[in-house]
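Reader: Please give me a close reading of one part of this model, with the cut-offs behind each term stated as you go. I would like the contact between the chains to come before the strands that take part.

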There are 2 protein chains.
Amino acid sequence: MKADMPLNRILRGECVEVMKTLPDASVNCVFADPPYNLQLRGELRRPDESVVDGVDDDWDKFTGYEAYDEFTRAWLGEARRLLHKDGTIWVIGSYHNIFRLGAIMQDLGFWILNDIIWRKSNPMPNFRGRRFTNAHETLIWAARGPESKYRFNYQAMKALNEDLQMRSDWYLPLCTGNERLKNDHGLKLHPTQKPESLLHRTLLAATVEDDVVLDPFCGTGTTPAVAKKLGRRYLAIERHPDYIKAAEARLERVEVLPADQLEITPAKREMPRIPFGSFVENGSLPAGTVVYDRQKRLKARVSPDGTLVSGQHRGSIHKLGALLTNAASCNGWTFWYFERDGQFLSIDTLRQETHLLRRTA
Amino acid sequence: MKADMPLNRILRGECVEVMKTLPDASVNCVFADPPYNLQLRGELRRPDESVVDGVDDDWDKFTGYEAYDEFTRAWLGEARRLLHKDGTIWVIGSYHNIFRLGAIMQDLGFWILNDIIWRKSNPMPNFRGRRFTNAHETLIWAARGPESKYRFNYQAMKALNEDLQMRSDWYLPLCTGNERLKNDHGLKLHPTQKPESLLHRTLLAATVEDDVVLDPFCGTGTTPAVAKKLGRRYLAIERHPDYIKAAEARLERVEVLPADQLEITPAKREMPRIPFGSFVENGSLPAGTVVYDRQKRLKARVSPDGTLVSGQHRGSIHKLGALLTNAASCNGWTFWYFERDGQFLSIDTLRQETHLLRRTA
DNA sequence: AGAAGTTATGAATCCTCTC
DNA sequence: GGAGAGGATTCATAACTTC
């Protein structure tokens, strides 16, 4: 790296202005969590009447898509100039901004390697029931250009995923609990602090020891903290003095992992769960099929949304089984049967077959 | 729909040209799986397969993106014109094209409701180990505009997912096996045939019976096939006669679910409204009855006009519940309880019983 | 001490009809 | 079109409190 290059520091200022002071091709990897341009309108309450603390900070306010695009082109252009020819960049966003980010990255000459889905294990629900639960964010991973000889630690990623190739969908929890930095009032210090697990995986995938990692939107310092922990060098930019102060205190507490301990904690595995509705969707138990209890004393019909209907009653396989037998509860999987090729089979057969397929796949 | 509107047909031709012949606001929902052959070949081709000329350099990425964007703006613009003001559109793509699609949709005035991740249970592995396994595709679900009163069958989606809110990440298998259409040589007929399960979920979420669904890139007819099965009307556009032939033969084999089997879990909003006062009038909850909150910490008395009175306060079941709990709002139906035959029941029980009676009547 | 119950909260473009 | 009223709507997790 250049002699005049500040390293392992958080620089205060506007990210574009500060980046302009840095030399070409001086960083190996960029991680950027830019403003999302959320455009929230009114107040939102949970069903229990509590108010959702949305992102209403000034830094997320833009006059429109054009202003957002202009800002995006400016910082991405500088980031590309700072990136070594074989370097890569990670950018995270949601549907509000990720499409603009991705298109502008392509226009600027970045070469997209993957889009990665961060599936949240504990997302905020959709309280008004008007959309699907927004349960993920998207990361774009791109090389500086199509000819870049970029770094990808394939075996490390495979090891992280129980010796299976790491896929483009990652299942990780939000940053909550003690990991989440708090202010003096015990409230979250930053509205969008990212979990260290996310940075751990991105940096471990795309960098080697002593690489320089740049974060133009440092916030409370998750990127520098994980970079330091993993024995990478860092450079971060942040406008707000309070965030810089918190990030610097946080960095003080981070211990660098000894080289021989730079190994991997396996990711938490998601429990496979198969909704009954999936068999309706995939046609193995189509809507309209009649199902029975084992003695064929009761029957019900399968609806397109995976509920069962019997007379005036509608409900899940479990609820309808309980209702029709006056039981407090019922395991619908083993209660209901259907006919296939002359055989009378429990619907749990379908689930068992699916588990078998997944294990052999 | 307009009298001159062809329905339940596959129209042959270029999608933009054909769409231009159709009237404004004539479809309720669009599902589009556009081509994304951006730079996958040595020679540069437009999405309509014509070769881009006028490029002296070996390779010009900007021309490639520009041609793709031009085509995208054209068909999305027509799709938006054809969409009813409260209609929604689904567009599917991968990281090659989804960012351009999404940004152009926003520029044209579409209002994104969700981005949905189709997680593939059986993706193709990454053979060279140079990237993460590309294990998903992205769908964008958008309303025609921010003010659209769009359709979302929330309860049906929740039922499909074991009574939990449906999330933005969907786990579905690829279209394989008998579902995959083959040509005379036993090879796959179409390179990107989508699974019916994917269309089942999208159409069930965003349409009602008899809605008109448009697919501008029909291919082998998955969209019309599922639309027909679910009792929706369709309109599809396709260039290749071979695909049209296969799709028409496929549609012949599809059976429409009978109307009584098409019903899904109803939304409470759509149930006929019953005034609380009607229970006072018909004597099932006479004036003078005392009602309580669930913990029996509050109580109020029913007036002959269906208002509740508590101390100095009088108001509707909702207003009084909100007032006494200092809440911004309150659903009185589930807030207030009464006693009947020794049981402590929510007043919503009365409403549910009435709904049930009306259905059997 | 440990089990069981309660509370708080997360990048959110989050209602609809009638007058 | 604006105002007001009716009334529909939540999941996972961690920390804290109570027994």
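Author: A polar contact is a pair of N or O atoms within 3.5 Å, where within protein one atom must be able to donate a hydrogen and the other to accept it, and residues adjacent in sequence count only if both atoms are side-chain atoms. By this rule, 39 residue pairs, both members at pLDDT 80 or more, are in polar contact across the interface of chain B and chain A. The elements that give two or more residues to chain B's side of the interface are helices H2 (61-82), H3 (98-108), H4 (154-160), H5 (196-206) and H11 (348-360), together with strands E4, E5 and E6 of chain B (DSSP runs numbered from the N terminus, helices being H or I of at least four residues and strands E of at least two). Among these, E4(B) supplies the largest share of that side, with nine residues.

The model is predicted, so that local features need pLDDT of at least 70 and side-chain atom pairs 80 or more, while totals for chains, interfaces and linings use all residues; side-chain values use heavy atoms, without hydrogens and water. Residues are numbered from 1 along each chain as its sequence is written, and chains are lettered from A in the order in which they are written.

Taken as a whole, the contact (heavy atoms within 4.5 Å) draws 82 residues from chain B and 76 residues from chain A. The two chains bury about 7000 Å² between them, 49% of it on carbon and sulfur atoms, this being the accessible area (1.4 Å probe) lost on being put together, summed over both. Eight salt bridges are counted between chain B and chain A (a side-chain nitrogen of Lys or Arg within 4 Å of a carboxyl oxygen of Asp or Glu), and B:Asp169 and A:Arg119 form a salt bridge through their side chains, at 2.6 Å from N to O.

Strand E4 of chain B, residues 111-120, is mostly covered, with ten of its ten residues buried (under 20% relative accessible area, 1.4 Å probe, protein chains only). On the antiparallel side, eight bridges join E4(B) to E5(B), residues 136-143, where B:His136 is the bridge partner of B:Arg119. E4(B) also runs parallel to E6(B), residues 169-172, through four bridges, and there B:Ile117 has B:Asp169 as its bridge partner.

In chain A, E4(A), residues 111-120, is likewise joined to E6(A) by four bridges in parallel, with A:Asp169 as the bridge partner of A:Ile117. These strands belong to an open, mixed sheet of eight strands in the order E1-E8-E7-E2-E3-E5-E4-E6 (strands pair if DSSP finds at least two bridges between them). E1 (9-12) and E6 (169-172) of chain A each have a single partner strand, so one side of each is left without a neighbour in the sheet.

Note on methods
Buried means under 20% relative accessible area, exposed over 50%, partly exposed in between (1.4 Å probe, protein chains only).
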